[in-house]
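Me: I am new to reading protein models, and I would like to go through one slowly, feature by feature. Could you take my questions in turn and show me what to look for in each case?

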Amino acid sequence: MKTYREYRGKGDVIMCVTGHPGINKGCNYVGLNVVQIPTDEKKRMSVAHLKKAISSKTVVVVCSAPQYPNGVVDDVPELAKVCKSYGVPLHVDSAIGGYVLPFIEKLGKYKFKPWDFRVDGVTSINADIHKYGYAPKGASMLIYRNSTIRRNQYFSFATWPGGIYISPTAMGSRNGGCLSGGWGSLLHLGVEGFTSITAKVLEEVEKLVKFIKEDAELDLEAEPDSTIVSFHTKSFSCYLLADALEKRGLFVEKQSNPESIHMTIMPNHIGKVDNIIKAIKECIAEVKKNPSQYDLGSKAMYGMMAKIPDEAIT
Ligand SMILES: Cc1ncc(COP(=O)(O)O)c(C=O)c1O
């Protein structure tokens, strides 16, 4: 966000409600105004709403490949067309997809459109090596279409008695350990390693999605494009199911707006999804039999959170 503020000046950053709050945080730090737009019916950033929101005040548009809540890849080519027609840059947040989507595509299993620099109008992409690149936390990539945009990322100060200070990130001195871990992971696995891990993870994702689609109590939040699956329950709060799973040591993420359960399938889940499905089935039966046992858990807490106006907690 700092790069785009320097490149374009102050103004609005348009993102979708499903965009990661790290973008909101970045805007807050560098004094940019966030304009949030809704999703379409497939949980992708709404192109129609972008057309209404984009203006001469827009500094950059941020979309996701995929967005975290539902694992859906935004329609980058259509978003890029709108951005290009206004001369506005488009950043693609591929934090959790950058090291998965290329291999899904290699496997021929993709349902999404191009999302990277093949799309004219995409000006930058971030991809976390510390997620599906299997590196220690702290290793990420931010790449730009050209050096004209990239140079705005740097902070420089030339008149210090200690010498010329040039820094590309918010952090000054940085830990090289996570970077070498990331480099090691990329070299060790290579394209073949990443493709074969992605194939195995996708098998587990497909199993889970099939189960959710077939189970009478569960509803998929959105058809996932990658390795993230989100769903909700039909006849009771899905927080009760999440709490029942947690009691068994299975931790799932509870999402709100709307209430749903989020599961990011990683290589450590390979070979375990059958057991997870079994546990979900048993927990559904347990909650249905005795819902009051879970009523004071997350459902109560999330219910209370929903009643607190944002201003009270910010
Ligand atoms: C799409 C997306 N963007 C940004 C982030 C933030 O990543 P981090 O917390 O590693 O900075 C995440 C984390 O899951 C994400 O999924």
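Me: Let me begin with a single residue: in which loop does P258 lie?

Reply: This is a predicted model, and a residue is placed by naming the elements on either side of it. P258 lies in the loop between β11 (253-255) and β12 (260-264). N257 is found in that loop between β11 and β12 as well, and the peptide bond from N257 to P258 is cis, with omega near 0°.

Me: What is the phi of N257, and is N257 buried or exposed?

Reply: Phi of N257 is near 55°, which is a positive value in a residue other than glycine. As for burial, one counts the C-beta atoms around the residue, and N257 counts as exposed because it has 9 C-beta neighbours inside 10 Å, where the cut-off for exposed is 12 or fewer.

Me: Which residues does the other cis peptide bond that you have marked, with omega about -5°, join?

Reply: That cis bond joins A65 and P66, and P66 lies in the loop between β3 and α4 (76-86).

Me: How should I read K43, and where does K43 lie?

Reply: K43 lies in the loop between β2 (33-37) and α3 (47-53), and its phi, near 70°, is a positive value in a residue other than glycine. K43 is buried, because 23 other C-beta atoms are within 10 Å, and the cut-off for buried is 20 or more.

Me: Turning to strands, how many residues of strand β3 are buried, and which strands pair with it?

Reply: The general idea is that in a regular strand the side chains alternate between the two faces of the sheet. In this case strand β3 (residues 58-64) is mostly covered, with seven of its seven residues buried. Strand β1 (residues 12-16) is joined to β3 by four bridges and the two run parallel, with T58 in β3 as the bridge partner of D12. Strand β4 (residues 90-93) also pairs with β3 in the parallel sense, over four bridges, and there D93 in β4 is the bridge partner of S64.

Me: Which residues surround the ligand?

Reply: Two residues that we have just met, S64 and D93, belong to this shell, together with H20, G22, Y68, A95, I96 and D128. Sorted by class, the shell around the ligand has three nonpolar, three polar and two charged residues.

Me: How many residues does the largest nonpolar core have, and which of them have the most contacts inside it?

Reply: The largest nonpolar core has 71 residues, and those with the most contacts inside it are V13, V61, C63, L79 and L241. Helix α8 (residues 238-247) gives the largest share of this core, seven residues, and the core draws at least three residues from each of domain 1 (2-128 + 139-174) and domain 2 (204-307). If you take C63 as a starting point and leave out residues up to four places away in sequence, you will find that C63 touches C16, M45, D74, V76, L79, L90 and V92.

Me: How can I look at helix α8 itself, and which of its residues are buried?

Reply: An α-helix has 3.6 residues a turn, so residues three or four places apart point the same way. Here α8 is mostly covered, as eight of its ten residues are buried, namely C238, Y239, L240, L241, A242, D243, A244 and L245. The helix α8 is followed by G249, whose phi is positive, near 90°.

Me: How far apart are the C-alpha centres of domain 1 and domain 2, and how do the two domains touch?

Reply: The C-alpha centres of domain 1 and domain 2 lie 30 Å apart, and 15 residues of domain 1 are in contact with eleven residues of domain 2. On the side of domain 1 that touches domain 2, the residues divide into nine nonpolar, three polar and three charged.

Me: As a last case, where does G138 lie, and what is in contact with it?

Reply: G138 lies in the loop between β5 (122-128) and β6 (140-144), and G138 counts as partly exposed because it has 17 C-beta neighbours inside 10 Å. Leaving aside neighbours within four places in sequence, G138 is in contact with H130, N175 and C178. The C-alpha atoms of G138 and G177 are separated by 9.0 Å, although these residues are 39 residues apart along the chain.

How values were computed
Residues are numbered from 1 along each chain as its sequence is written. This is a predicted model: local features need pLDDT of at least 70, side-chain atom pairs count only at pLDDT 80 or more; totals for chains, interfaces and linings use all residues. A nonpolar core is a set of buried Ala, Val, Leu, Ile, Met, Phe, Trp, Tyr and Cys residues joined through C-beta atoms within 7 Å. Domain bounds come from an automatic or database domain assignment. Two residues are in contact if their C-beta atoms, placed from the backbone, lie within 7 Å. A residue is near a molecule or strand if its C-beta atom, placed from the backbone, lies within 6 Å of it. Ala, Val, Leu, Ile, Met, Phe, Trp, Tyr, Cys and Pro count as nonpolar, Asp, Glu, Lys and Arg as charged, and the others, Gly among them, as polar. Two strands pair if DSSP finds at least two bridges between them.
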